[in-house]
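The exercises below concern charged side chains and how they pair. Each task is followed by a solution that goes step by step.

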Amino acid sequence: MRKSHPIRRFVLAGAATVSGIVLLLSLKPATDPASAQAAGGAAPPVAASPQGGAQAAGSGTVTGDAARTQYGAVQVRLTVAGGKITKAEAVQAPKGDQSDQVTANAVPKLNQAAVAAQSADIDAVSGATYTSAGYKQSLQSAIDKANAAAGAGQGSGSQGSGEQGSGGQGSGSGAAQARAVTGAVAQTQYGPVQVRVTVSGGKITKAEAVKAPSGGQSTTVTANAVPKLNQAAVAAGSADIDAVSGATYTSAGYKESLQSALDQAGG
């Protein structure tokens with residue numbers, strides 16, 4: 001009987017060890033969900049990232065040229081869908097010191113105005129004259145780029161329909177006649193002026209200044225004069241337009257570049 005005691009103790013000890021191992025194994029999965037949650041928490045951003053960024057970047061997002069102002073650059077980005085502006089935002093705006101407060105107040109209002117107006121014909125925000133002028137300039141640049149891209153797509157579509165019949169050829173030819181022509185740069189005392197016109201059927205359908213004096217008082221003068229000169233060019237159908245009061249040099253440069261654009265269009 002005495003010899004059996006060590007064996008019994010050995011068997012009992014072994015059983016206890018096995019039981020302990022089983023308990024440890026049964027408890028181990030309880031720590032896995034934490035690591036699984038960590039892995040699960042890291043996974044959604046990876047899956048969501050392609051959905052959020054890449055598709056939006058290629059769906060009618062157009063960024064205008066940066067407009068230099070006395071207090072810093074202003075640059076506008078538009079999201080266009082179905083020929084309409086669905087979103088406007090300033091990717092660059094004056095900052096530092098008082099400019100931070102002005103930008104924070106003005107830019108949201110300008111963004112809303114751009115979407116509401118569907119054009120760059122928006123009012124300046126009170127107290128943010130320079131920022132507003134730069135915003136409108138960059139906004140117009142973005143709209144021009146969107147229109148140019150849409151025009152290129154329509155032109156190729158019209159050519160395709162023109163191959164199907166004589167009626168299609170007529171509309172395709174009309175689309176081909178609508179083209180944008182940029183005049184030579186006219187140097188003025190306050191900076192260069194350059195005009196681009198869109199001509200269709202021998203008529204000016206759109207005029208815009210792709211370059212105009214900026215910085216200091218010139219920004220205000222440009223913001224006031226250029227829209228009036230654009231309208232006058234379309235109305236007159238020529239460079240025989242009146243100078244805008246208070247913007248003699250800009251008006252002269254505008255007319256010179258406008259005439260250059262019309263000469264190219266006529267050729």
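**Exercise 1.** Is Lys206 buried, partly exposed or exposed?

*Solution.* This is a predicted model, in which local features need pLDDT of at least 70 and side-chain atom pairs count only at pLDDT 80 or more, while totals for chains, interfaces and linings use all residues. Residues are numbered from 1 along each chain as its sequence is written, and side-chain values use heavy atoms, with hydrogens and water left out. Buried means under 20% relative accessible area, exposed over 50%, and partly exposed in between (1.4 Å probe, protein chains only). Lys206 has a relative accessible area of 24%, so this residue is partly exposed.

**Exercise 2.** Find the salt bridges of Asp144 (a salt bridge is a side-chain nitrogen of Lys or Arg within 4 Å of a carboxyl oxygen of Asp or Glu).

*Solution.* Asp144 itself is buried, at 9% relative accessibility. One partner is Lys206, with N and O 3.0 Å apart; because Lys206 lies in strand β8 (residues 203-211) and Asp144 in helix α5, the pair ties together parts that are 62 residues apart in sequence. Helices (H or I, at least four residues) and strands (E, at least two) are DSSP runs, numbered from the N terminus. Another partner is Arg196, whose closest N to O distance to Asp144 is 3.4 Å.

**Exercise 3.** Which residues do salt bridges with shared partners join into one network?

*Solution.* Glu208, which is buried at 5% relative accessible area, forms a salt bridge with Arg196 at 3.3 Å, N to O. Through shared partners, Asp144, Arg196, Lys206 and Glu208 are joined into one network.
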